[in-house]
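Before the details, it helps to ask how each label attached to a structure is earned. The questions below take some labels in turn and set them against their cut-offs.

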Amino acid sequence: MIRDHMYVLAVPDLARSAAFYRDALGFTVHEMGDPGWRMFERDGCRIMAGACPDAMPAADTGDHAYFAYLVVTDADAEHARALAAGAEIVKPLRDEPWDMREFGLRTVDGHRIMVGHELPGA
């Protein structure tokens, strides 16, 4: 049984990452007792970000930079929030044949996230 889940990401600039997750995705940023780490939390989703300024940039992994699919109640509202915060949209908001309305974005660190909700009747 999996009791919980978290994501762990290497980021080059914690302050910049924290601002992105707060402003573009609505996460709350928490200190973790270590200046090299922050916890981004929203609802049941937690992302631990560690300062790794010398790590390979996530964007350099190409199409393999997706690390999460966030299932939300309203993909249109999340898309509007991300756009208002200046997030880079890498896949436009649209209905897909797999019964999801979804879009993709790239974080300031180059990681990619899909965000979507189930279409009615699915």
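## How the labels are earned

Q: What kind of turn joins E7 and E8, and where is the positive phi in it?
A: In this predicted model, E7 and E8 form a hairpin with 5 residues between them, and Gly 110 in the turn has a positive phi of about 95°.

Q: How do you know that strands E7 and E8 pair, and which way do they run?
A: Pairing asks for at least two bridges between two strands, and 7 bridges join strand E7, residues 100-106, to E8, so the pair qualifies, and the two run antiparallel. Within this pairing, Phe 103 stands opposite Val 115 in E8.

Q: What makes E5 a partner of E8, and are the two parallel or antiparallel?
A: Strand E5, residues 66-71, is joined to E8 by 5 bridges, and the cut-off is at least two, so these strands count as paired; they run parallel. Here Tyr 69 stands opposite Met 114 in E8.

Q: Why is strand E8 described as largely enclosed by the rest of the structure?
A: Of the 7 residues of strand E8, which covers residues 112-118, 6 are buried, and the strand is therefore largely enclosed by the rest of the structure.

Q: Why is Glu 102 called buried?
A: Glu 102, which is found in strand E7, has 3% relative accessibility. Buried means under 20%, so Glu 102 falls in that class.

Q: What makes the meeting of Glu 102 and Tyr 69 a polar contact?
A: Their side chains are joined at 2.5 Å, and the cut-off for such a pair of N or O atoms is within 3.5 Å, so the distance fits the term. Leaving aside neighbours within four places in sequence, the residues in contact with Glu 102 include Tyr 69, Met 114, Val 115 and Glu 96.

Q: Why is Val 71 called exposed?
A: Val 71 lies in strand E5 and has 61% relative accessibility, and exposed means over 50%, so the label applies. Together with Tyr 69 and Trp 98, Val 71 forms a nonpolar patch on the surface, with about 340 Å² of accessible area together.

Q: How do you know that Glu 96 and Arg 94 form a salt bridge?
A: As a general point, side chains of opposite charge can pair when their charged atoms come close. The side chains of Glu 96 and Arg 94 meet at 2.6 Å, N to O, and the limit is within 4 Å, so the pair counts as a salt bridge. Glu 96 is buried, with a relative accessible area of 10%, whereas Arg 94 counts as partly exposed at 38%.

Q: What makes Asp 95 and Arg 101 a salt bridge, and how exposed is Asp 95?
A: Their side chains meet at 2.9 Å, N to O, and the limit is within 4 Å, so this pair also fits the term. Asp 95 has 44% relative accessibility, and partly exposed is the class between 20% and 50%, so that is its label.

Q: How do you know that Glu 78 and Arg 81 are joined, and where do they lie?
A: The closest N and O atoms of Glu 78 and Arg 81 are 3.5 Å apart, and the limit is within 4 Å, so the pair is a salt bridge. Both lie in helix H2, residues 75-84, and are 3 residues apart, about one turn of the helix. Glu 78 counts as buried at 8% relative accessibility, and Arg 81 as partly exposed at 32%. Arg 42, Asp 43, Glu 78 and Arg 81 are linked in a network of salt bridges, and a search of the whole structure finds 12 salt bridges.

Q: Why is Asp 43 called exposed, and what is its phi?
A: Asp 43 has a relative accessible area of 69%, and exposed means over 50%, so the label holds. Asp 43 sits in the loop between strand E3 and E4, and its phi is near 50°, a positive value in a residue other than glycine.

Note on methods
Residues numbered from 1 in each chain as written. Predicted model: local features only at pLDDT ≥ 70, side-chain atom pairs only at ≥ 80, totals over all residues. Heavy atoms only, no water. Buried < 20%, exposed > 50% of the residue type's maximum accessible area, 1.4 Å probe, protein only. Helix = DSSP H or I, 4+ residues; strand = E, 2+ residues; numbered from the N terminus. Polar contact = N/O pair within 3.5 Å; in protein donor to acceptor, adjacent residues only side chain to side chain. Contact = heavy atoms within 4.5 Å. Patch = residues over 30% accessible without salt bridge, like charges linked within 9 Å, V, L, I, M, F, W, Y side chains within 5 Å. Areas by Shrake-Rupley, 256 points an atom, 1.4 Å probe, with all protein chains shown as cover.
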